[in-house]
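Work through the exercises below with the sequence and the model side by side. Try each task before reading its solution.

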Amino acid sequence: MPAISRDEVAHLARLSRLALTDAELDEFAGQLDSILNHVKAVAEVAANDVPATAHPAATANTWRDDVIEPGLTQEQALSGAPEVDDNRFAVPQILGEEQ
């Protein structure tokens, strides 16, 4: 018996507001069933004595000391800008809103 039926896929598609054809419902039902079977197989293999990990290799964060370093002045930063307005970068309007 499949882990997910075609009717369940149709229900999920309807909830997601996806318009799927009959062929797509059949295809996705098979694909989702395969995925769920693989997840089930992996869940059966996992042992209780193996700690859960997000990565197979041990990792650790490497932090560096925060060191204040000199940056650009406002004039230097704006010197390469194609357009400046009131000591700020001027960029084209993208949302069509009035200022």
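**Exercise 1. Place serine 79 and judge its exposure.**

Start with the location. Serine 79 sits in the loop between α3 (74–78) and β1. Helices here are DSSP runs of H or I with at least four residues, strands are runs of E with at least two, and both are numbered from the N terminus. Next, the exposure. Serine 79 has a relative accessible area of 61%, so it is exposed. The cut-offs are under 20% for buried, over 50% for exposed, and partly exposed in between, with a 1.4 Å probe and protein chains only. Last, a distance. From serine 79 to phenylalanine 89 is ten residues along the chain, and their C-alpha atoms are separated by 10.0 Å.

A note on the basis: the model is predicted, local features need pLDDT of at least 70, side-chain atom pairs count only at pLDDT 80 or more, and totals for chains, interfaces and linings use all residues. Residues are numbered from 1 along each chain as its sequence is written, and side-chain values use heavy atoms, with hydrogens and water left out.

**Exercise 2. Find the largest nonpolar core and the elements that build it.**

Use this criterion: a nonpolar core is a set of buried Ala, Val, Leu, Ile, Met, Phe, Trp, Tyr and Cys residues joined through side-chain atoms within 4.5 Å. The largest such core has five residues: Ile4, Val9, Ala10, Leu25 and Ala29. Two elements, α1 (6–15) and α2 (22–45), each give two or more residues to this core. In soluble globular proteins, nonpolar side chains tend to be buried together.

**Exercise 3. Describe α2: its span, its buried residues and their partner.**

Take the span first. α2 has 24 residues and covers 35 Å from first C-alpha to last, close to the expected 34 Å. The expected span is 1.5 Å times one less than the number of residues. Now the burial. Leu25, Ala29 and Asp33 are the buried residues in α2. Then the partner. The buried residues of α2 pack against α1. An α-helix has 3.6 residues a turn, so residues three or four places apart point the same way.

**Exercise 4. Find the salt bridges and trace the network.**

Set the rule: a salt bridge is a side-chain nitrogen of Lys or Arg within 4 Å of a carboxyl oxygen of Asp or Glu. The whole structure holds three.

- Aspartate 22 pairs with arginine 6 at 2.9 Å, N to O. This pair links distant parts of the chain, with aspartate 22 in helix α2 and arginine 6 in helix α1, 16 residues apart.
- Arginine 6 also pairs with aspartate 26 at 2.6 Å, N to O. Here too distant parts of the chain are linked, arginine 6 in helix α1 and aspartate 26 in helix α2, 20 residues apart.
- Arginine 88 pairs with aspartate 86 at 3.8 Å, N to O. Both arginine 88 and aspartate 86 are exposed.

Now join the pairs. Arg6, Asp22 and Asp26 form a network of salt bridges. Check their exposure. Aspartate 22 is exposed at 53% relative accessible area. Arginine 6 is partly exposed at 30%. Aspartate 26 is partly exposed at 45%.

Finish with the surroundings of arginine 6. Leaving out residues up to four places away in sequence, arginine 6 touches Asp22, Leu25, Asp26 and Ala29; contact means heavy atoms within 4.5 Å. The C-alpha atoms of arginine 6 and aspartate 26 are 6.2 Å apart.

**Exercise 5. Which residues have a positive phi although they are not glycines?**

Recall the background. Most residues other than glycine have a negative phi. Arginine 17 has a positive phi of about 60°. Arginine 17 lies in the loop between α1 and α2, and is exposed at 77% relative accessible area. Asparagine 87 also has a positive phi of about 60°. Asparagine 87 lies in the loop between β1 (84–85) and β2 (88–89).

**Exercise 6. Which residues form a nonpolar patch with about 250 Å² of accessible area?**

Patch residues have over 30% relative accessible area and no salt bridge; like charges are joined within 9 Å, and nonpolar side chains (Val, Leu, Ile, Met, Phe, Trp, Tyr) within 5 Å. Leu32, Ile35 and Val39 form this surface patch. Areas come from the Shrake-Rupley method with a 1.4 Å probe, and for residues only the protein chains shown count as cover. Look at isoleucine 35: this residue is in helix α2 and is partly exposed at 48% relative accessibility.
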